[in-house]
Amino acid sequence: MNYDISLLDEKERKLARYLEEHTTDEVLKEAQEYIPSLRSHSDIFRELSEMNIPQPVINTIIYYVLATNNQQLVTYQLLMLADLCRKCKIKNAQAAITFCKQYYSYHTQISQEA
């Protein structure tokens with residue numbers, strides 16, 4: 001897959017800057033204001049941090065999973081995307097956003113064809 005960051009629009013660039021500049025704890029604390037159930041997932045977040053992927057990528061994956069699953073944290077999807085990002089050597093939020101968009105687009109197309 002090609003992770004061309006020129007595909008990002010202005011909103012996505014602002015989101016990428018936010019995800020790059022804030023720690024995962026800060027991102028989660030902000031999200032918990034709207035999604036209190038995130039507090040119960042600390043073991044998953046610890047597992048993500050142990051996967052040796054950059055923090056902005058972790059932040060992006062968390063944001064993506066929440067955004068595409070009605071504000072629910074889907075553990076298997078979170079861990080699977082983290083593993084894919086690690087294998088693809090994704091290093092920053094912009095590349096992770098592009099990857100997630102392409103992943104979502106591809107899987108949405110497949111499910112519509114089935």
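**Exercise 1. Which helix does I58 lie in, and what surrounds this residue?**

Solution. First, a word on what you're looking at: this is a predicted model, where local features need pLDDT of at least 70 and side-chain atom pairs count only at pLDDT 80 or more, while totals for chains, interfaces and linings use all residues. Residues are numbered from 1 along each chain as its sequence is written, and side-chain values use heavy atoms, with hydrogens and water left out.

Step 1: find the residue. I58 sits in helix α4. Helices here are DSSP runs of H or I with at least four residues, strands are runs of E with at least two, and both are numbered from the N terminus.

Step 2: check its exposure. I58 has 6% relative accessibility, so it counts as buried. Buried means under 20% relative accessible area, exposed means over 50%, and partly exposed is in between (1.4 Å probe, protein chains only).

Step 3: list its partners. Setting aside residues up to four places away in sequence, I58 touches T24, L48, S49 and I53. A contact means heavy atoms within 4.5 Å.

Step 4: look along the chain. I58 and K91 are 33 residues apart along the chain, and their C-alpha atoms are separated by 10.0 Å.

**Exercise 2. Take stock of the whole chain: how many helices and strands does it have?**

Solution. Step 1: count. The protein chain has 6 helices and 0 strands, so the order from the N terminus reads α-α-α-α-α-α.

Step 2: look at burial and contacts. Of the 114 residues, 39% count as buried. Among contacts between residues at least 6 apart in sequence, 67% join residues at least 24 apart.

Step 3: check confidence. The chain averages a pLDDT of 85, and 84% of the residues score at least 70; pLDDT is the predictor's confidence in each residue, from 0 to 100. Confidence is highest in α5, at a mean of 94, and lowest in α6, at 82.

**Exercise 3. Describe the largest nonpolar core: which helix gives the largest share of residues?**

Solution. Step 1: set the rule. A nonpolar core is a set of buried Ala, Val, Leu, Ile, Met, Phe, Trp, Tyr and Cys residues joined through side-chain atoms within 4.5 Å.

Step 2: size it up. The largest one has 29 residues, and L38, F45, L48, I61, I62, V65 and L78 have the most contacts inside it. Two or more residues each come from α2 (24-32), α3 (42-49), α4 (55-68), α5 (75-87) and α6 (93-113). The largest share, 7 residues, belongs to α4.

Step 3: zoom in on one member. Leaving aside neighbours within four places in sequence, I61 is in contact with I53, L78, L81, A82 and C85.

Step 4: look elsewhere. Another core, of 6 residues, lies apart from the largest one, and its members include L15, A16, V27 and I97.

**Exercise 4. Work out the burial pattern of α1: which of its residues are buried?**

Solution. Step 1: get its dimensions. Helix α1 (residues 10-21) has 12 residues and reaches 17 Å from its first C-alpha to its last, close to the 16 Å expected at 1.5 Å a residue. That expected span is 1.5 Å times one less than the number of residues.

Step 2: pick out the buried ones. They are E12, L15, A16 and L19.

Step 3: see where they point. These residues cover an arc of only 105 degrees around the axis, so they are on the same side of α1. The arc is that of the directions from the helix axis to the C-beta atoms.

**Exercise 5. Explain the cysteines: why is C85 not bonded to C100?**

Solution. Step 1: count disulfides, meaning pairs of cysteine sulfur atoms within 2.5 Å. There are 0 of them.

Step 2: check the distance. The closest cysteine sulfur to that of C85 belongs to C100 and is 5.4 Å away, which is too far for a bond.

Step 3: try C88. Its nearest cysteine sulfur, that of C85, is 6.9 Å away.

Step 4: compare exposure. C85 is buried at 0% relative accessibility, whereas C88 is partly exposed at 34%.

**Exercise 6. Inspect two loop residues: where are N52 and K89 found?**

Solution. Step 1: recall the background. Most residues other than glycine have a negative phi.

Step 2: take N52. It is in the loop between α3 and α4, is exposed at 70% relative accessible area, and has a positive phi of about 60 degrees.

Step 3: take K89. This residue is in the loop between α5 and α6, is exposed at 61%, and has a positive phi near 60 degrees.
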